[in-house]
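Reader: Mind walking me through this one? I'd like to start with the ligand and then get to the domains.

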Amino acid sequence: MRRLDIFDTTLRDGEQSPGVALNMEEKLQIARQLEKLGVDVIEAGFPITSPGDFQAVALIAEKVKNSTIAALARAEEKDIDRAWEAIRIAESPRIHTFIATSPIHMQYKLRKTPDHVLELAVRGVELARSKVSDVEFSAEDASRSHIDFLAQIFSRVIKAGATVINIPDTVGYAMPGEFADFIKAVMAKTTGIEKVKVSVHCHNDLGLAVANSLAAVNVGIHQIECAMNGLGERAGNAALEEVAMALSTRKEWYGVETGINTKEITRTSNLVSRLTGMRIQANKAVVGKNAFAHESGIHQDGVLKERSTYEIMSPEAIGLDINTIVLGKHSGRHAVKQSLDDLNIEMDEQRFQKLFEDFKVLAEKKKVITEADLYALAEIKAAELVKLDYWQILSGNTLKPTATIGLVHTNGYDDNEELVKAAYGDGSVAAAYKAIDKIIGVDGVLENYALQAIDSGEDSQGEVTVTVAFGEHKAAGRGVSTDVIEASIKAYVQAVNRALTKGWITIKKR
Ligand code: KIV
Ligand code: ZN
């Protein structure tokens, strides 16, 4: 069977989703899990865009050994140099360079002629190839480009040393049959096509990213670019889990195999959702809460008699049954450490000691500590510039809810000054959020608030996810606690921390 590579861009295109801002340790944790999932290529970031992105790519390049590590770069010298610096330490590095090729992009965005674009693409690939043997070239907005121009540019970059050529449907405009024919035509006209891998990268603006990617499989492509939970610019990228399960459930139809260990899908999806703060809709294919739930009596009856009546894939195939790490108050250090290892969570002794203390406190409050609880306990605090110290709420149906919040600045900011403010609001959470706004001196706008239990048990912790707009930027935050008010406050503080880390806001005293 033909081998199809899975190229994951959760940490690059996925991280471009509005509201998502991962810190370095979070990115590494996701990269390690993607490696365990069996993805062939991890696009770890776009190093030129910020020092933080550069460092995260470099860290992943150093630590992740079983997947190729790709770094994105425009077809420009400074981007390519920076990308190479970030990934040079990787066991299997790839530079992924791109330039737009559609008339719209060339005329209005780049303001360059097709000849100039061609020249920059070739120069970019030659430069990248002088540094590394694995070079991917993407023609941005390929699906709205002229077939002859695409074939010309691909022929030239292949001659210049590209090893993978990528055909993105950047704006999610293509239709499945049309996209397949388009790729076939481009491939037929490209000189040297047999020497390279052909890849697709589809966006989901019309809900067709997965369908378009799969349609391309039938015309002989070698790589699909996708992101976990379908994260990505605007409506997102093709969802990795849907691509992987379609290819595995309909293996005979597609006649290809991938290196994906589908049993790691649930764990990867949960991790990405948790760390990005991007929730998964209940009816989402493969990883939604309802994906394996049978509601109607007729369906339940059928499934009880024979599962295959209404199930085309099993929950076990995506690892729904392996979410079973359970610890309790009698669990010792060794058991907790082993469970963290199983979840790819690495930490030094000092941090483990703190986690173990928190574990014991939590285990006193709830009977069983689940995998979701462990993730929450291990949540990375590296990018915390302000930290919740204490909170008090006065509330009731006969008084205006009032909150007092105390934060501490973890960078030694004004050591002697307490970051404490009180505020009132329409509800306890609103009052708490106003008090935090007063402390940081910036008014965040709460655009999204959701509360749910992290597990199914009666004593499950509450998880709150928020999206907060700070001017034109949006930051997501997540908080977990046995108390839902505390979870709400933690979520907002995390969004503030993300905005501070990104430099979108600074603390202003009022
Ligand atoms: O959507 C797109 O065209 C991209 C390229 C950089 C591959 O993300
Ligand atoms: Zn994209």
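Reader: How far is an oxygen atom of ligand 1 from an N or O atom in the side chain of arginine 12?

Author: Keep in mind that this is a predicted model. A polar contact needs a pair of N or O atoms within 3.5 Å. For an oxygen of ligand 1 and a side-chain N or O of arginine 12, the distance is 2.9 Å.

Reader: And how much of ligand 1's accessible area does the protein cover?

Author: Taken on its own, ligand 1 has 260 Å² of accessible area. The share of that covered by the protein is 94%.

Reader: Which elements give two or more residues to the shell around ligand 1?

Author: The surrounding residues include His96, Phe98, Ser138, Glu140, Asn166 and Pro168. Match the numbers to the ranges 93–100, 135–140 and 164–169, and you land on strands E5, E6 and E7.

Reader: What's the split of that shell into nonpolar, polar and charged?

Author: Arg12, Asp13 and Glu140 are among the residues around ligand 1, and Arg, Asp and Glu count as charged. The full split is 2 nonpolar, 6 polar and 3 charged.

Reader: On to the domains: what area is buried between domain 1 and domain 3?

Author: Domain 1 spans 2–276 and domain 3 spans 333–377, with their centres 35 Å apart over C-alpha atoms. The contact takes 8 residues from domain 1 and 9 from domain 3. Carbon and sulfur atoms give 35% of the buried area, which is about 810 Å².

Reader: Which residues in domain 1 lose the most area to domain 3?

Author: Three residues together make up 55% of what the domain 1 side buries. They are Arg32, Arg267 and Arg274.

Notes
Residues are numbered from 1 along each chain as its sequence is written. Chains are lettered from A and ligands numbered from 1 in the order in which they are written. This is a predicted model: local features need pLDDT of at least 70, side-chain atom pairs count only at pLDDT 80 or more; totals for chains, interfaces and linings use all residues. Side-chain values use heavy atoms; hydrogens and water are left out. A residue is near a molecule or strand if one of its heavy atoms lies within 4 Å of it. A polar contact is a pair of N or O atoms within 3.5 Å; within protein, one must be able to donate a hydrogen and the other to accept it, and residues adjacent in sequence count only if both atoms are side-chain atoms. Accessible areas come from the Shrake-Rupley method with a 1.4 Å probe; for residues, only the protein chains shown count as cover. Helices (H or I, at least four residues) and strands (E, at least two) are DSSP runs, numbered from the N terminus. Domain bounds come from an automatic or database domain assignment. Contact means heavy atoms within 4.5 Å. Buried area is the accessible area (1.4 Å probe) that two parts lose on being put together, summed over both.
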